[in-house]
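Q: Before we go through this model, could you explain how its labels are earned, setting each value against its cut-off?

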Amino acid sequence: MAASEAVTFRDAIGNVEVLYEIPLPDSQPCIEAQPLPLLCRVNLDTNFEDKNAYVTGISKYMEEATRHGEFNEMLKDGFQHAVHMYTWRCCSRAVPMAKSNDQPNRVEINEKVVEVLNPEVAKLLHFMYFANKAISRFCDEIKRLCHPEKRKDFVSEAYLLTLGKFINMFAVLDELKNMKASIKNDFSTFRRAAQFLQVMSDTQTIHEMQNLSMFLATQNKIKETLRAELQKIEGYEEILADVINICMFLFESQMYITPSDKHMLVKVFGFALYLMDGDTANVAKLDQKKRIHIVKLDKIFKTLEVVPLFGDMQIQPFSFVKKSPHYEPSKWPLSHTESERCHVTIFDRVRRIREDHTDYITHLSRIHNELAVYEKEGPRSDAENREITELALRGLQLLCSWTSDVVETVSWKLLHPTDPRTNSDCPETAEEYERATKYNYSSDEKSALIEVISMIKGLQMLLGKKDIEFGTAIRRHVYAELQDFVQLALREPLRKAFKNKKDLLGGIIQSIRDTCMDQAPGYGNQEIHSKSKKKDHGSAGDVRIARRPVAPSSTQLYMVRTMLESLLSDRSGGRKTLRKELEGQYLVQIENFLRMSYFWPALLHFSDTLAECCELSQLWFREFYLEMTMGRRIQFPIDMSLPWILTDYILTSKDPSLTECLLYQLDLYNDAGNYSLTKFRKQFLYDEVEAEVNLCFDQFVFKLSDSVLAYFKQLSSSMFLDKRFRCECSNLGLNITTPVCMRYKTLLKQRHVQLLGRSIDLNRLVTQRINIALLKTLDVAISRFEADDLTAIVELDGLVEANKLCHKLMSEHLPGLTDFKDLWQEANHNVSAPYGRVTLHVFWELNYDFLPNYCYNASTNRFVKYKGQSNQVPQRDKPPQAAFAYFWGSKSLNAAYSNIYSLYGGFVGTPHFRCISRLLGYQGIAVVLEELIKVAKTLINNPIMNYSRNILQLMPKVCKLPRYDYGSPGVLSYYEAHLKDVVAYGDLRTDMFQAFRELGNAVLFCLLLEQALGQEEVTDLLHAAPFQNIIPRPFAKKPEEAESKIKRLEQKYSRLQVAQMIEKLGNVKQAAIAREGDLLTKERLCCGLSLFEMILMRIREALDDPLWTGPNPNNGVMWVDECVEFHRLWSAVQFVFCTPVQPTHIAVEQIYGEGLNWAGCTMVALLGQHKRFEALDFCYHIMRVQRVDGKDEMVHGIQLSKMVERIRRFQMLNNQIFSVLCKHLRSGEPDGQANFEHVRCFAPPVHQALARGK
Amino acid sequence: MSMIMDTGSSDLRSLIETEIPEGRMNLESSYANLERVAAYCEANYLQATDKKAAFEETKRYTVQSLASVAYQINTLASSLLQTLELQTDKIGNMESQVNNIAQIIDIHKEKVARREIGVLTANKVVQRQHKIITPAHQERPQRYQRTPIDYSALDDLGHGVKLTSQ
Amino acid sequence: MSSVSAAATSSVARQLRDDWDNREYIEVVAENIKKISDFLCSFDLSCRTKLATLNEKLNLLERKIEFLEARVTKGETLN
């Protein structure tokens, strides 16, 4: 090794401290069990290997320590055998049996069987030898202790407890052997195969096989042999009584630290009582001799009826007592009858647990703050260390009680599976294990279990994080207590012992002090022995023993405690006990010390004990139930596995208080996986856990993302829902879901969840799924619009807004979500294609439903469908099927919104146009208008032109305006006569009007769309104004005051100016982008451009056919009476639809709406014949004449006054239309005649005289 | 704000190419060494005659290895953190560039859309009627003074006869 | 108690004290090793968070660029 410079110890510690200066921010809230990427456990327990070093201890107890160590080893082997048997899976079922003797390959099969089963049978053999060796070893030990001379001596508590553990081991091994039928089957298959192959020739192996089969075959073999052996020992029941009493004492004073210890104690009672109850000595007699207390035992059996034996195998300790020969039910009133319900009602217990949990947490956090705030290192006062140690112990005891509550509830449930009678929703066909887990828990029990498990793991995490500080504090505390006790408390008794020549007592106390006294270098030991009478100078008494953060070694502690116990033990067995030799107050001191130090071994291995106290891994294992299915099940489906049942309950019950307990339930898999690898050491078990986790995890993330989506959708929809609507509904008694806050915040912050050694970024997984889901919601919204008519666009717009809000809410928690704009474009197939699905469908609807079927009504400014007429409804694709979450979030919200949006169903009005303009955007509107112009052009050139040509032929060549003298009826009849052919023209009322209506609707659509677009743009401009330095002019009396006010305002809002800010702060590119953006925001369409005008111009281009204008007027100025121009035709058409119709028929405007008039007036205006039309129109003339002469007659069946009334209304309508059109036409075209009054100058007529005079 | 790479501590490339692999290599080598040292100490203690000296030597080794491991972990950890830092800055930078590009594309698309709809629009001639505002300076109203009517003022209007001008 | 046994006990006591010192030494070293392992754990967790956010940003960028490419290249009047 390189001779590096002497690195002092201080430097090393310094280096480690420096490590902690590196900032390690981790913003993830910890709602999972303690994440341990690297597990580092320090275990200095020597299991008595170092006993020879402590020569000063009393040799007798040293020797007991050796045996104690040996027994611990045997207990470990016992556990391995138990594991081996518990995890045994029957292989013989899988082995192909040699059906008949002469089957050719049966030799091969058998060889294979032998080869496969050989190692397993070897283990069984080893187990048999172990069992026998353990029994004999145990009986020798009991025999040694029952030796009359030994009776007088003292047996330490720890040793009795170890004997108890041994008894428990026997019980466990025996029950496992009874339970596992597959072991016997496999062994018999092996033996048959082996005998067939005569491979075991020598007698010895045959004999062995014989023993083994006998050993495996007989039930309760171990128990019986043990009982037989014990009954040979005279007085064995005394020792067992001692074991029972010490266990009872420990149980009653809750001097156990882990749930398995607690359950072990109760199992020891049962089995020991069974062993004791033989013919030589029986329980009743011992009870009379007050050696054991049946009443107390009875009460204990009642409080803890079912305890886990091993894994998912349960046992009722009292069943042992029931099986004992001299069992009298009368002696056991309480536990004789088995109670209906589990002794732990978890649901009530959870309230108490919650209180304890909160108290403990507050205390722990105070300590934590003190530790963090005050000096990191440096010795703490004894009081602080004591408080921390007590806190740690209290924590362990709390955890132990909670865990035992959970484990006992589960074990009771496993032993009492439900049945269809008690639990209604348990089907007849439910399997055994299903009835034990899936249907065996009410929802209250499940939520209580979930909560307790979360509290256990949460507290374990908090304590686990503190184990370094706690470790040091505990060690300091133990050292201080030990040294104070040994060096100070024992000084007086030792002195007195020497003074009164009690050398035995003195010897023990001296050896205690020698074993573990840690003298500070200067402190001598001699003055004890000095015979000096003088009272020892006070100062030595209170000398402060130096404090060191080091604990006694396990053996040292054991020796001290055992020797102290020997002082206290009053079992004299005749001789004067040492107890009387000590004065009372020293006794009390020793007793307190013993009681306090009982938990020290557990506390000194704090992290291991903590793990044992929170041992919930057995909740997953189900070998016992698998065995019972006799091969029908290789492994149970996930919905029968308890961890998944709990996790699934949280996900489905959607109980907000449980959301944050989700990861704790998944952590049960971690425990199971860890246990099967470290303790069971079985790969196949781990693989099964892993397989189940794979399945469960997919479902977990799937259901989680689903509920996250549903929650946020409901939230956004409820925020979006009109408040008055909601309260109206509640008045009517139907309430609409308002989502309860589901607290997904912390869950979605999880970036590294530890699951079976893998680290999972939950946020990323949920983000991926939510991205897909959002895309789907938008897609569903669009396809629903595609399956509906144009009126559904308002709901689509609402859905888009709601989804945008939902996206905003979610992206707070899921920053990985793609921008809403991109999602929308993708759903709208508008990414590479210029026009989205919405645009295409809007146009499709326009073409096939809106133009032909809708009638416009100016007063309501709406298009309505005329019900009666069988307009061909275009066939549309099927509406999309999806869960409520993909629409408005929940059933009631869906119903509410469909009601709201059904109001927009019947008509197409301003709200629809606003939505169209918002959803289509400039590009969409441009393409729709372009298409509409084409439609208009085709309408004009084809249907309208043909019909016009026919009608022009039908019209009279000349149609004057009859003079007033004829009277209005006369005028009417004149027109009636002239236009007879036109009126009779069949197609006029049907196809021609339809063509005109379509043209009118198209023009109207463009007009209204532009208005809506204008409004949208104005709102945008106003929204952008404050950020573009456009400030409304403040009111000011004097103009110059206004100037200063504006200056101040501009100065005040200068920071809001986006473009300037970016100019100042951003880089060049960003500044350029900002400028462009600013420009684009300012320059909107409505600020200076008009769409409608250009559309009129484009339609006018289509009206270039001479048909419309006719040849040049003969008189060089204009046609007057000749029906050549279009406006004449339109007057005729107007005359047709002005004639009032019989009540039974349907009026024209009801069928075609005002689109008809709009079409006609547009063409007239575009052809510039508007003035002539106004002047020469037939109906106007009738009306003018009738208004003057006021006649009202029936002319050819037409009621004149009714007709005039209709004419008046249509005239008003035409005027409106013309005013709109002229406003648009006049403002635009510079060269059109409509622009300014195109005045043709005619020379004034010259007077003849003048003309001749020239 | 142009991102200047803080060349004070080594830049990203050198971090990734040299410092981190080096740190890792140190740790791996110390891992191997420590194993050998542990084995050596164990053997040494077993067969050493002077247990005390062997134990002291083991102690020295422990201290030294603890210090070295702590130090190596420290360096590797800080260089890793620094790499992450620089990486995040780099990506932040890239992100802003992409955002710029996205905005440029959006602007371009908007322009295309406006050009398309522009084709369909005509200039709206909006007559700018000025709002009626009080004239800056009020001219004083003139006093009324009477003038007699001249009846023959309009004789030359309304007819084609050329009068010889009086 | 004879003096020789006193000497014996004192040598045993000294051994005992050494034992205490050694154990203290061992425990301090063990504690420091545990501190290093704790540091590594929190280092690991904090790096994972950082990596996760980095990864998320990268994914976002990738998707954004892909999206922009789609918008710009195919079938679009680029005039």
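Q: What makes the contact of A:Glu434 and A:Lys438 a salt bridge?
A: The two side chains meet at 3.8 Å, N to O, and a salt bridge is defined as a side-chain nitrogen of Lys or Arg within 4 Å of a carboxyl oxygen of Asp or Glu, so the pair qualifies. The model is a predicted one, in which local features need pLDDT of at least 70 and side-chain atom pairs count only at pLDDT 80 or more, while totals for chains, interfaces and linings use all residues. Residues are numbered from 1 along each chain as its sequence is written, chains are lettered from A and ligands numbered from 1 in the order written, and side-chain values use heavy atoms, with hydrogens and water left out.

Q: Why is A:Glu434 called buried or exposed, and why A:Lys438?
A: Buried means under 20% relative accessible area, exposed over 50%, and partly exposed in between (1.4 Å probe, protein chains only). A:Glu434, at 11%, is therefore buried, whereas A:Lys438, at 26%, is partly exposed.

Q: How do you know that A:Glu931 and A:Lys934 form a salt bridge, and where do they lie?
A: Their N to O distance is 3.0 Å, so the salt-bridge cut-off is met. Both residues lie in helix H41 of chain A, three residues apart, about one turn of the helix; helices here are DSSP runs (H or I, at least four residues), and strands are E runs of at least two, numbered from the N terminus. A:Glu931 has a relative accessible area of 25% and is therefore partly exposed, and A:Lys934, with 44%, is partly exposed too.

Q: What makes A:Arg495 and A:Glu492 a salt bridge?
A: Their closest N and O atoms are 3.7 Å apart, so this pair also satisfies the definition. Both belong to helix H20 (residues 491-499) of chain A, three residues apart. Over all chains, a search of the whole structure finds 88 salt bridges.

Q: Which residues make the nonpolar surface patch, and why can A:Phe1027 count in a patch?
A: A:Phe1027, A:Tyr1053, A:Leu1056 and A:Val1058 make a nonpolar patch of about 310 Å². Patches are made of residues with over 30% relative accessible area and no salt bridge, like charges being joined within 9 Å and nonpolar side chains (Val, Leu, Ile, Met, Phe, Trp, Tyr) within 5 Å. A:Phe1027 has a relative accessible area of 37%, so the accessibility condition is met. A:Phe1027 sits in the loop between helix H44 (986-1024) and helix H45 (1039-1052) of chain A.

Terms used. Areas by Shrake-Rupley, 256 points an atom, 1.4 Å probe, with all protein chains shown as cover.
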